[in-house]
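The following exchange is intended for a reader who is new to this structure. Please look over the sequence and the model before reading on.

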Amino acid sequence: MTAVFSDELRARVEADFGRVVDLLGRKVALKSISAEGITAEHMKRSAEFVADELRQVGIDAKVVQSRNPDGTPGAWEVIGSKIVDPQAPTVLLYAHHDVQPVPDPSAWDTDPFVATEVGTRLYGRGSADDGGGIAIHSGAMKALGDDLKVNIKVFVEGEEEMGSPSFIPFIEEHRDEFASDVIVVADSGNWSAEIPSLTTSLRGNTCVDVNVKVLHHPVHSGQYGGPILDANTLAAMLIASMYDANGDLAVPGVAAQEPVGGLQRDLDEATVREDAGIVDSYRLAGTGSLASRLWTKPSVTVIGFDAHPVEGSFNVVSPETTFRLSLRTAPSQHPQEAQDALAAFLQAHAPFGAEVKVTKLENGMGWAMDPNAVATKDALAAMEEAFGVAPINKGEGGSIPFIPELQRIFPSAQVLVTGPEDPKANAHSPNESISLPGLKNNILAEALLLAKLGE
């Protein structure tokens, strides 16, 4: 690729950027909340909006409703293609058009469904996750125009925020329409708004429900409290038993690993503390690099707990309680293996012989990048050219379980995980936003990548 063509692509991205920002603003306004019903009319409108925008940049796009494994109607999905040469490489571009709910709009500084520019950032629910991914694909396709030398296939999903229950049946049903040499998943992020990244790994995840029972019925806390600990206290003791004195998870059989491909730069603790809103007195748990603790070592979070609210509480010993654990697993460990180990540990460590029952829930496999793939090297080169600085590869502590499933279905495809987010994006949280300069560079990076893949 010549420097002249790279400069031309940069100029095209700059000239088209107003359209891209407008697209993103209109997407935010759609309120594409899949939690309010993946089959609902508002999700169909969202899919139709995306399909129309893709058609305007040359993609032959359409809206198709998926089906769940039990045959019931599923999400509204957008699929499409642009075939320039049957002999050329084929690239599948992925994003999702559904967004997270907004439980408390008062926690936002702006209207969450009115895209609002503040400084160099655009605020709004879905501006980054994953309206930004849609914007990147649209901008890159527009910039390349008739200079596109690879075949493009597109899949913009409508239920990612709901766990993608119909994803695999849909891919299996449309296998020919998704078969590709390279898959670009634009649903992750960069080291910062100024420094690009390829995502090197994703943790897997698994969940269990744990029931702790000590009594067959409630009893008076004054009459029986002391020798009989309430179920909530016993549950707390059980949860605490999973950790050692340093705060590392210490459950035999739940694996840990170091950052995939080696650690280029550790995360800055002060930045992490600020971005996460950690109280000053809290000391970060665990040992080893901060990157490994956030990306590749396992973590357990109590995401639900059945206990009587403080309001209206009264003097009884709680007979039983249930809590839910979300276990993020090391990228290379099979989540079923970790789930079995966690369940066995919890049952073996029942405090004072309380009854502990574990119900195993869903599993999602982690993923690790192939650093030697041609597409990986092209992507890194494209990012450096677009941003003007060398990329810093980074892992993600979250999970995208469909990525290993895509590799299972298309074993020869090279997978790249990119995305529009940065540490200030606040995806899934109040004041979600996207860096506009970062978005512009991400568009250019994807356009350069597609150009390199077509050489």
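The questions and answers below concern a predicted model and treat a helix, the nonpolar cores and the cavities in turn.

Q: What makes the span of helix α10 close to the expected one?
A: Helix α10, residues 335–348, has 14 residues and reaches 20 Å from its first C-alpha to its last. The expected span at 1.5 Å a residue is 20 Å, and the reach of α10 is close to that value.

Q: Why are certain residues of α10 called buried?
A: Buried means under 20% relative accessible area, and therefore the term applies to P335, A338, Q339, A341, L342, A343, F345 and L346. What covers these residues includes β9 (204–213), α7 (231–240), β13 (320–329) and β14 (355–364).

Q: Which residues have the most contacts inside the largest nonpolar core?
A: They are V91, I152, F155, I403 and L439, in a core of 82 residues. Helix α13 (residues 436–453) gives the most to this core, with eleven residues. A second, separate core has 24 residues, including L238, V251, V300 and A343.

Q: What is F155 in contact with, leaving aside its neighbours within four places in sequence?
A: Among its contacts are E77, V78, L92, Y94, F167, F170 and F178; contact requires heavy atoms within 4.5 Å.

Q: How many cavities of 30 Å³ or more does a search of the whole structure find?
A: The search finds three, and the largest has a volume of about 110 Å³.

Q: Which helix gives the most to the lining of the largest cavity?
A: Helix α13 does, with four residues. By class, the lining has seven nonpolar, four polar and one charged residues.

Definitions and conventions: Residues numbered from 1 in each chain as written. Predicted model: local features only at pLDDT ≥ 70, side-chain atom pairs only at ≥ 80, totals over all residues. Heavy atoms only, no water. Helix = DSSP H or I, 4+ residues; strand = E, 2+ residues; numbered from the N terminus. Expected span 1.5 Å × (residues − 1). Buried < 20%, exposed > 50% of the residue type's maximum accessible area, 1.4 Å probe, protein only. Core = buried A, V, L, I, M, F, W, Y, C linked by side-chain atoms within 4.5 Å. 1 Å grid on protein atoms, 1.4 Å probe; cavity = no way out; pocket = protein on both sides within 12 Å on 5 of 7 lines; lining within 4 Å. Points joined across faces, edges and corners; volume = space filled by probe spheres on them. Nonpolar A, V, L, I, M, F, W, Y, C, P; charged D, E, K, R; others polar.
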